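Dear colleague,

Please find below the structure that I am handing over to you. My findings follow it.

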Amino acid sequence: MEKKLRIGIIGMGSRGTDCFGMRLKERSDVEIAALCDPNHVRASAAAKILNINPPVYINIDDMADKEQLDGVIIASPDCCHRDCAVTALKHGWNVLIDKPLATNVADGRDIVETAKRSGKIVMIGFNLRHNAVLKRLKEIIDGGTLGKVFLAENREFYDGGRTYMSRWNRLFSKTGGLWNHKASHDFDIFNWLLGFPKPLRVTSFAAVNVLNREGIPFPVEAGHEPGPSCNVCHYKDKCPDKYILSEKLLAQWGPEAQAVDGYVKNLCMYLSDKDNHDNGMAMVEYENDIKVGLFETFIGSKNDRIYTIVGDRGMAEVSLTDRTITITPRWGGEIVTYHINKEQGGHGGADPRLVDTFCNVLRGEEEASSTAEQGLVATALGQAAEFSRRQHRIVEMSEILG
Ligand SMILES: NC(=O)c1ccc[n+]([C@@H]2O[C@H](COP(=O)([O-])OP(=O)(O)OC[C@H]3O[C@@H](n4cnc5c(N)ncnc54)[C@H](O)[C@@H]3O)[C@@H](O)[C@H]2O)c1
C-alpha cells in the first residue's frame, strides 16, 4: 500500500468541510492529518460532520510544530489568504489556495514571491478549469474549430444573495470586492480559454439594486424589523430567501461558534451592511484586440453560466447548467451540439477533480492545473474592475501590475 498523503486543511468553514474535507475523506490514499481554524468550536464541529478525529489547531505555527504534512489546503476567508499562504510556504508545505489568490495584487505578490523562494507548489482553487464542459470548450478552441477568437462573453446568473450578502463576502475589506472574490474565477476562465493573452485594460459598472431595504419581498410590519439573522427573523416563514441553519449546521455556525468570533452566517441579505455589488458588468481588452465581457447577477431567477465565444471561423454557445456546447460554423455547414455527461460533485463535478489533481500533484503524478502567477493575473483583473467600478473610469492594467 502506497504511503498515505498527509494533508492539513486551514479554514474549516463551508469549503473546508463540504468540498475539501469530504473529497479528501473519500480517498483511501489520503489522511486528513490536521485541521486549523482560529475558531476551535467550528473546526471540531467540522471534524464531527466529517466523522474524522485529527488534531485541531487554532494557528498554523502550532500545527507546523507538531505535524509533518505533504500539503495544506487553504479555505479561510480571502482576506486571510496572504498570511495563511505565506506562513504555510515558510513551513515548507505545498499549498492549494481556494480562489481568489488574495484580496489585492500586493498581497498576491507576497504569495508569489514566497512560493518562488520556498520552491513549493502553489495551486489555486480555480475549480472551473476542471469543469468537463469548459474542458471540452477549451479543446474545441485549441483545436482551431472557431479559428482566431476575438470576442467572448460570459453571462452568469447566480441566486447568490445568501452566499454573498449574508456574511463576510458582502464586504470589500474581506474580499477585495466581488469582481475579485467571485469574478477572479471567471476572469481566470477567460485567460485560460484564450491561451493567457496579456490583459491591457478593464472597465466595469456594478451596484446594489435589489438586495437592500427597498428589495425586501414582503411588507414589513411596524415594530418588527427583519433579521438580524434568518433563524431568528420574524418573517422566516414567509421570506422566499430565508437561509435557516439546520441542527447539523448550528454546531458549526450556531451560538457556541458565534461566541468565539461573532461570525453570523445568515444575516438578512437585504438589511446587512454591504459595500459589494449584487449585479454588474465588466469588460476586458486584451492584446491582439481580444475583448471579453462578464455579466453577473446575484438576484436569483436561475443559475447558469452562459458563454458565447466568437472566432473568425465559427462561434460556440455554451451553457454550464444544460451542459451543452453548440458550434455554428461561420460560412454554413452543420451546426453541432455536444452534450457533456453529468458528473458528481460540486460545481458540476469540478470540485472533486480539483482536489484529486492536487493530490496527484503532491504525488508528482500530474502538473499543477494553475499557478500562483495565474492567480495573480485574475486578482489583478478583479482589482482593476473594482477600481473602475468605484472610480468610474477605464483602468489600465499597467497601473495595477506595473
Ligand atoms: N472555488 C470555489 O468555487 C469557491 C466557492 C466558495 C468559496 N470559495 C473560497 O473559499 C474560501 C472559504 O470560503 P467559505 O465559503 O468556505 O468561507 P466560510 O466562512 O464558510 O469558512 C471560512 C473558515 O475560515 C475560518 N477562518 C477565519 N480566519 C481564519 C484564519 N486566519 N486562518 C484560518 N481559518 C480562518 C473561519 O473560522 C471559517 O471556519 C474563500 O476564500 C472563498 O472565496 C471558493
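**Findings**

Across the interface of domain 1 and domain 2, zero salt bridges are found, a salt bridge being a side-chain nitrogen of Lys or Arg within 4 Å of a carboxyl oxygen of Asp or Glu. This is a predicted model, in which local features need pLDDT of at least 70 and side-chain atom pairs count only at pLDDT 80 or more, while totals for chains, interfaces and linings use all residues. Residues are numbered from 1 along each chain as its sequence is written, and side-chain values use heavy atoms, with hydrogens and water left out.

The chain is assigned domain 1 (5–127), domain 2 (129–211 + 274–346 + 369–401) and domain 3 (214–261); such bounds come from an automatic or database domain assignment. Contact (heavy atoms within 4.5 Å) between domain 1 and domain 2 takes 20 residues from the former and 28 residues from the latter.

Domain 1 and domain 2 bury about 2000 Å² between them, 59% of it on carbon and sulfur atoms. Buried area is the accessible area (1.4 Å probe) that two parts lose on being put together, summed over both. On the side of domain 1 that touches domain 2, helix 5 (105–118) and strand 6 (122–125) are the elements that give two or more residues. Helices (H or I, at least four residues) and strands (E, at least two) are DSSP runs, numbered from the N terminus. Helix 5 provides the largest share of that side, five residues.

Yours sincerely,
A colleague
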